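Subject: Structure handover and findings

Dear colleague,

Please find the sequence and structure below. My notes on the strands, cores, helices and salt bridges follow.

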Amino acid sequence: MRILIDADACPVTALAIKIAKEYNVEIHLFFDNAHQYNSDYAHVYILDKGRDSVDFFLLSKIKENDIVVTQDYGLASLALAKKSFVISHNGTLFSNDNIDIFLNRRYISAMARRRNDKVKGPKKRTPGLNNHFSENLRKLIEDNI
C-alpha cells in the first residue's frame, strides 16, 4: 500500500506526509510544473502542464490497494476501477457505491457553467475538514496494513 496524491492545490499534502511517516507508508506527490515542492520523505513528480497530464501519469502509477488522494471525480472513478482506495482532500471516501453521484454532480455543474448559470464554488476550508481527512486516512491505512 502506498499513498498517491494529486497534489496540485491540495491543502492536506503536509498532513498526509506526516501521517504516512507515522505509519511508515510510502507516499508519492504529483504536481504540474507550475509548482515546486521538496520533501525529505515523499517521492515528488513534477510533470509538464497540460490538460489532465498529472492525472494520467498518477493513474499509470496506481496499484491495487493504493490510497489515492484527489478532488477530481473523474480520476477518483478511474482509480476505483484499479481497485485502489480513494479519499478527497476533505476526507470524503469515494467508493463504487457513491462515485456515480459525484460524477453526476460534476456533469450538472458543467452544464450549468455552459449556460452561464452561477455555480457555487467550494466552501471555505475549516480545521474540521482537516480532522475529517486525517481520521479517514488513518482508518484506511489501519484497515489495510
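Which residue just after α3 takes a positive phi? That residue is K83, with a phi of about 60 degrees. Please keep in mind throughout that this is a predicted model.

Strands

I began with β1, residues 2-6. Five of the five residues of β1 are buried, so the strand is largely enclosed by the rest of the structure. Its side chains divide between two directions: I3 and I5 point one way, while R2, L4 and D6 point the other. Both sets are buried, and they include the charged residues R2 and D6.

β1 pairs with two strands. It runs parallel to β2, with five bridges between them, and parallel to β4, with three bridges. L4 takes part in both pairings: its bridge partner in β2 is H28, and its bridge partner in β4 is V68.

β2 covers residues 26-32. Six of its seven residues are buried, so β2 too is largely enclosed by the rest of the structure. The chain gets from β1 to β2 by way of α1, in a right-handed β-α-β crossover. β2 also pairs with β3, which spans residues 43-47; these two strands run parallel and are joined by five bridges. Within that pairing, F31 of β2 stands opposite I46 of β3.

Nonpolar cores

The largest nonpolar core has 21 residues, and the members touching the most others are I3, I5, I27, L29 and L137. At least two residues of this core come from each of β1, α1 (13-23), β2, β4 (67-69) and α5 (127-144). Another core lies apart from it and has 16 residues, including V54, L58, V68 and F102. In soluble globular proteins, nonpolar side chains tend to be buried together.

I3 gives a view of the surroundings of β1. Setting aside neighbours within four places in sequence, I3 is in contact with A20, V25, E26, I27, H28, I67, V69, L137 and I141.

Helices α2 and α3

D55 belongs to helix α2, which runs from residue 53 to residue 61. Is D55 buried or exposed? Its relative accessibility is 13%, under the 20% cut-off, so D55 counts as buried. Not counting residues up to four places away in sequence, D55 touches D6, D72 and L75. D6 is one of the buried residues of β1, and the other two bring us to α3.

Helix α3 covers residues 73-81, and its buried residues are G74, L75, A76, A79 and L80. L75, touched by D55, is therefore among the buried residues of this helix. D72 sits at the start of α3, where one of its side-chain oxygens comes within 2.8 Å of the backbone nitrogen of G74. Just after the helix is K83, with the positive phi mentioned at the top.

Salt bridges

How many salt bridges does a search of the whole structure find? There are five, and I describe some of them here.

K18 and E22 form a salt bridge with an N to O distance of 3.8 Å. Both residues lie in helix α1, four residues apart, which is about one turn of the helix. Residues three or four places apart on an α-helix point the same way, because there are 3.6 residues a turn. K18 counts as partly exposed at 48% relative accessibility, and E22 counts as partly exposed at 44%.

E22 also forms a salt bridge with R138, where the closest N and O atoms are 2.5 Å apart. This pair links distant parts of the chain, with E22 in helix α1 and R138 in helix α5, 116 residues apart. K18, E22 and R138 are thus linked in a network of salt bridges.

A further salt bridge joins the side chains of K139 and D143, at 2.8 Å from N to O. K139 and D143 both lie in helix α5, four residues apart, or about one turn of the helix. K139 counts as partly exposed, at 45% relative accessibility.

Those are the findings.

Regards

Key. Residues numbered from 1 in each chain as written. Predicted model: local features only at pLDDT ≥ 70, side-chain atom pairs only at ≥ 80, totals over all residues. Heavy atoms only, no water. Core = buried A, V, L, I, M, F, W, Y, C linked by side-chain atoms within 4.5 Å. Buried < 20%, exposed > 50% of the residue type's maximum accessible area, 1.4 Å probe, protein only. Contact = heavy atoms within 4.5 Å. Polar contact = N/O pair within 3.5 Å; in protein donor to acceptor, adjacent residues only side chain to side chain. Pairing = 2+ DSSP bridges. Right-handed = clockwise from strand over helix to strand, strands pointing away. Salt bridge = Lys/Arg side-chain N within 4 Å of Asp/Glu carboxyl O.
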